[in-house]
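Student: Could you take me slowly through one part of this structure, the places where its chains meet, and explain each term as you use it?

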Amino acid sequence: MFPSRFDLVVAQTVAEAVEAKVDAGEGGRFLAGGQSLIPMMKMRVAFPETLIDINRIAGLDAIERSNGHLQVGALVRHADVVASDATFGAVAAAAPWVADPLVRNRGTMCGSVAHCDPEGDWNSVLLATGADVIAQGPSGERSISIADFVDGAFTSTLGEDELVVGLRIPVPSGRSGGAYLKLERKIGDYATVAVASHLELDDSGAIAAAGLALTSVNPINTKVADAEVLLVGQQPSEELFAEAAELAAAAAEPRDDVRGTAAWKRQVVRTYTKRGLAAAAQQAEGS
Amino acid sequence: MVAPTTPAEIGGIGHSVQRKEDARLIEGQGNFLDDIDLPNTLHMAILRSPLAHARINGIDSEAAMALDGVLAVVTGDLMDQHGLAWMPTLSGDTQAVLATDKVRYQGQEVAAVIATDPYIATDALELIEVDYEELPPITTPQQSLEEGAALIRDEKEGQTDNLAYTWETGDQGATEEAFAQADRVVTLETHYPRSHPAPLETCGIVADVNSVTGQATIYMTSQAPHAHRTLFAMVAGLPEQNIRIVSPDIGGGFGNKVPIYPGYVVATAASLLIGQPVKWVESRTENLISTGFARDYYMKGELAVTDEGRILGLRVDMLSDQGAFYSDAQPTQFRAGLFHVVTGSYDFGAAHINCKGAFTNKAPGGVAYRCSFRITEASYLIERLVQTAAYEVGIDPAEMRLRNFIQPEQFPYETATGFVYDSGDYPTALRTAMDEVGYEDLRREQAEARAEGRLMGIGIAHFTEAVGAGPSRTYDIAGLKMIDSAELRVHPTGKAILKLGVKTQGQGHETTFAQIVAEVLGIPANDIKVEHGDTDHTPYGLGTYASRSTPVGGAATAVVARKLADKSKKIAAHLLEAADEDIELASGVFSVAGSPDRSVTIQDVALAAYTNLPEGMEYGLDDVTYYDPPNLTYPYGSYIVVVEVDPDTGVWQVQRMVALDDCGVRINPMIVEGQICGGLTEGFAMSAMQWITFDEDGNCIGANFMDYLVPTAWETPRFELLATEVPSPHHPIGAKGVGESATVGSPAAFVNAVIDAVAHLGVRNIDMPVLPDRVWAAIDEAS
Amino acid sequence: MEINITINGSDHASDVEPRTLLVDHIRRTVGLTGTHVGCDTTSCGACTVLMDGTPVKACTVLAAQADGSEVTTVEGLKGADGLHPIQSAFTDDHGLQCGFCTPGMMLVGASLIAENPDPSDDDVRWAISGNLCRCTGYINIVKAIQTAAARVAESSNGS
Ligand SMILES: Cc1cc2nc3c(=O)[nH]c(=O)nc-3n(C[C@H](O)[C@H](O)[C@H](O)COP(=O)(O)OP(=O)(O)OC[C@H]3O[C@@H](n4cnc5c(N)ncnc54)[C@H](O)[C@@H]3O)c2cc1C
Ligand code: FES
Ligand code: FES
């Protein structure tokens, strides 16, 4: 399988990339790790006229903590996230389960976020941790909260000519923990169901902040806001997590497909929410 | 294990000799089909139907033809002008090469583009417009056989319904009597889902037809190059002496590379018409949606049993989904392959088997995926049934088997369906595996786990296979008897070349077959070159599938080596000035009985064969043998799997997998174990994740490796291997086939293990693949 | 467009269409056919090469993206002093059957042991989980990679 013809622009700077995108118009598309886009082009479900390769832009490959945030540049590969010591909680937990080791060597975290595949892992993690997406367009840079960014299956609120240049994920200052439980059929498979959980505890051991998000069970990665509200202010307990799990299960509208029935997927959401929150709490208590 | 009789330098039977084929493969110097690059090669891409069932009202290929680099667009009408729009299948049906009237499954070949470059050929596909008139698709064999179902094969003379075949065997009367005497009848209905061999290398061809000389050199991924040559001659009407099939290094076959596919015929015709080589290499999607599916059997088995757990009889009803064309590759007499080996490893007198196959709007195939003609389905059914019976009668599944096994002294044993099992010791095999896994302890652990609310299961399968087709009185494919051959030439310096009718796809023939010669003649295995796959250079044979290489080709090799040993002894007698009958041969040394210091080596004899012969003897040291096996061989094994099931999600994980295999004499234990590990992995895959399914519209789900799940190293269980070695009494070196045993035997062991974990809740069946949602639903329903 | 890739130590300058996949460039233009293609969906790893030392799936990288980089294919594993230890270990431990996945498996294995001199069974299985093998059941591939690691460690201790 081979892609159809296109023009290639190799951008050296962010400005060049954005300009090339403006020039290319609707037929233009950024090329980051290529691990979603190239397979789609080979299958001939994507036919960009112009590809703007951002891989040679300097300064986008850092993953580091600064100003209380984990900053992830547009050229940080999934493998860099796995290898980084700067990560925490759900981010660290999810990274090894994205795709497979070779795909992780090319695919970028930002590319995945921009792609907005409801089966993609990162957007759930970002929803649970409350991250921002940094975008640069012809009129400059802006920050978009992930909840506003994710708009639908394969659609985001990113402007036509905007490039995602990085992510800002708040690093909890107190005790915190996170988990990413993913049911996949094999390595290299997208999630059948996955649950990202994030908990921060106050000095009394009560939950100060909570994040919960679901992958693959709705047409969009889903933040379970009512469960988050329920959790905050409470002491972690099995009963509490079971209650949150019911809310998570209710927030999931999965479909019957080859991966399994909707009823079962909802049951997995329930189970993984309980287990994920318990793991997050345990990690927080130990931190 | 039997100790080798030759020293390691010679590397005869029983030595784990390193593989000769590795040297080129580890340096990237293999020669796979797509690596063949002839001058002026054109590239073919195939346009396939997006619909499962539709009438073709017209094809417009003008825009495609206009594309720079496109030489031709081949349609069914063009093929029809050459009488090649349809071709025979290996099971006596016909199959469309390029659709002329209707498309009958999603992925069916509709047109082909020939271009200078594969990228351009693919571009051109998008420019072809086909006017389809959609017809309602039939996606299950049950629907297909309903009264009034639309006729899928309306082009087929005399075909008035969607029935592909019926076949019946066994003794109905005796079976009914057995059931009348039974204390109970245990029933199991289960589906063996559609699967695909999916070797890592897809299928392909480079057809190089010289329009002046008429010479057709056809490189293709073929497990059976000689049979393919003959069939090409018959289908395309080419004179057989002008056809040379070359099957290069093959990246796995597993049955996928047995049939002749439409793409091969179109590429050959295109090369003939254009006068340039034409290459076609399937994409993975094409591989999975159009070529060589396997299984898809709906089976109902009933066992007549006594309260003591004795099996009295077996009744089976089977309905197979054949897809749009009946293109199984199996012996002519047996419409459902060797499915009647379904009586398994058990001693009972009566069986009756009723089989039906139906056409549906799905891809054709029915190939023996790492299996000797439908034995996988049979073995699965009986092993699932016996386990079910154990639960119903209330005895341990291992004990149930031990009570019913054919006993060692009963061999040769004739089954109720007419197979004559050659040899075996089933109780020892099962007990050895049970000891290794710690069966009694596991049962105790299981009880404890249940008390704690955990679900642990122990599954057993004890399979018997029938492999090595086959005796000419019974076995043929499309009329060609299933014999195989070996030609051995020993050169003056004592080195040799062995030419085979069979063809390796990774099994290591270049090594093991040399070892057979080394065993007999004492020529070091490393001094023997093994040639295979080129029909101009090797003797006739039916090829490698159904685990037949060692049983048939290996036997031919032993026999031809023995013929040369006999001649060599005469030459040695001449050199040693002794009587022929006094010469003894061991590990390449010919000595005179009683005076071991008087000896010559096989190398001396080889030179003498061309320089210094006894009076009246013909020069040379070579011969050829065509081997017609007296019987099949019957490898068997005992597999035990331990799983833990997560009751909240249905996810199950293999804790242990102990596999005991008895494949008779092991020529190269290292290679045998490699075959077993590969087979176990495919068995695990089928039980856990690997299947092809379709939606109501006939869209194939499982058309690429994101949906058709091949396990990685991470999911694959860690196997523990054991062996016993009861030789085949009729095979010249006592060997049986082994390439497929583990795929045949292991799915039932994995499934039985999961069922065993939830059997106490009353669960008796979960269809494969045993997906977690199915497990969870079964638990949910039961409790 | 003009690109220049260093493949197994030699420069290969060529004019390619932007859409040319790295794997096709290596196989068809450069003529090194040890790198294989086994799927359409970036799933199998038969096409694995090392790009600046990192294993990637060459069917999902444009040749143009490799411009200026150093690519190692299976043909480049062998050094001046003979086979790479991973190659001999694959033979010794029967880590291959049909050999179609083998180039990719060896390259991933070589890159793993360059980073982790003593990989566990799980380490190896994890590292090769982007590469499919249909023949071996992986056991002997894992063993071969561990054997190679041990041999490399031994020879570097010895020197
Ligand atoms: C076999 C396989 C398995 C996979 N499994 C998983 C999995 O389990 N979980 C998972 O989450 N993902 C999975 N993926 C997808 C993988 O994570 C991709 O890497 C990721 O989705 C896209 O990142 P990329 O850098 O490769 O983007 P590309 O493929 O280069 O681009 C993807 C899309 O995003 C756009 N884009 C990329 N970067 C930017 C940017 N900086 N700004 C604006 N737009 C941009 C592109 O224009 C394109 O439309 C898998 C992929 C493969 C091939
Ligand atoms: S061919 Fe590249 S991953 Fe399969
Ligand atoms: S050896 Fe055949 S695919 Fe791995």
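Tutor: What follows goes through the contacts of chain B, then a ligand, and then some local details.

This is a predicted model, in which local features need a pLDDT of at least 70 and side-chain atom pairs count only at pLDDT 80 or more, while totals for chains, interfaces and linings use all residues. Residues are numbered from 1 along each chain as its sequence is written, chains are lettered from A and ligands numbered from 1 in the order in which they are written, and side-chain values use heavy atoms, with hydrogens and water left out.

The pLDDT is the predictor's confidence in each residue, on a scale from 0 to 100, and chain C averages 97 on it, with 99% of its residues scoring at least 70. For the complex, the predictor gives an ipTM of 0.98 and a pTM of 0.98.

Let us begin with chain B and chain A. Taking contact to mean heavy atoms within 4.5 Å, 28 residues of chain B and 27 residues of chain A take part. The buried area, which is the accessible area (1.4 Å probe) that two parts lose on being put together, summed over both, is about 2,200 Å² here, and carbon and sulfur atoms give 62% of that. On the side of chain B, the residues that lose the most area to chain A are B:M706, B:D773 and B:W776, which together make up 21% of what that side buries.

Charged side chains also meet across this interface. Side chains of opposite charge can pair when their charged atoms come close. The rule for a salt bridge asks for a side-chain nitrogen of Lys or Arg within 4 Å of a carboxyl oxygen of Asp or Glu, and it finds 4 of them between chain B and chain A. A salt bridge joins the side chains of A:R44 and B:E126, at 3.1 Å from N to O. A polar contact is a pair of N or O atoms within 3.5 Å, where within protein one must be able to donate a hydrogen and the other to accept it, and residues adjacent in sequence count only if both atoms are side-chain atoms; there are 9 residue pairs in polar contact between chain B and chain A, both residues being at pLDDT 80 or more.

Helices (H or I, at least four residues) and strands (E, at least two) are DSSP runs, numbered from the N terminus. In chain B, the elements that give two or more residues to the side touching chain A are α4 (118-125) and α19 (772-782), and α4(B) provides the largest share, 5 residues. If Ala, Val, Leu, Ile, Met, Phe, Trp, Tyr, Cys and Pro count as nonpolar, Asp, Glu, Lys and Arg as charged, and the others, Gly among them, as polar, this side of chain B divides into 14 nonpolar, 7 polar and 7 charged residues.

Now turn to chain C and chain B, where 47 residues of chain C are in contact with 55 residues of chain B. The area buried between these chains is about 4,200 Å², and carbon and sulfur atoms give 56% of it. The rule finds 7 salt bridges across this interface, and the side chains of C:R27 and B:D35 meet in a salt bridge at 2.8 Å, N to O. There are also 25 residue pairs in polar contact, both residues being at pLDDT 80 or more. Chain C supplies at least two residues from each of α1 (22-29), α2 (85-92), α4 (121-127) and α5 (139-158) to the side that touches chain B, and the residues of that side divide into 19 nonpolar, 16 polar and 12 charged.

Ligand 1 lies between chains A, B and C. Counting a residue as near if one of its heavy atoms lies within 4 Å, there are 33 residues around ligand 1, of which A:F30, A:G34, A:L37, A:T108 and A:D121 come nearest. An oxygen atom of ligand 1 is 2.7 Å from a polar backbone atom of A:L37, and an oxygen atom of the ligand is 2.8 Å from a polar backbone atom of A:A32.

Finally, some local details of the backbone deserve a look. Most residues other than glycine have a negative phi, and most peptide bonds are trans. The peptide bond from B:M768 to B:P769 is cis, with omega about -15°, and B:P769 lies in the loop between α18 (741-758) and α19 of chain B. In chain A, A:F154 has a positive phi, near 60°, and is placed in the loop between β8 (150-152) and β9 (155-156).
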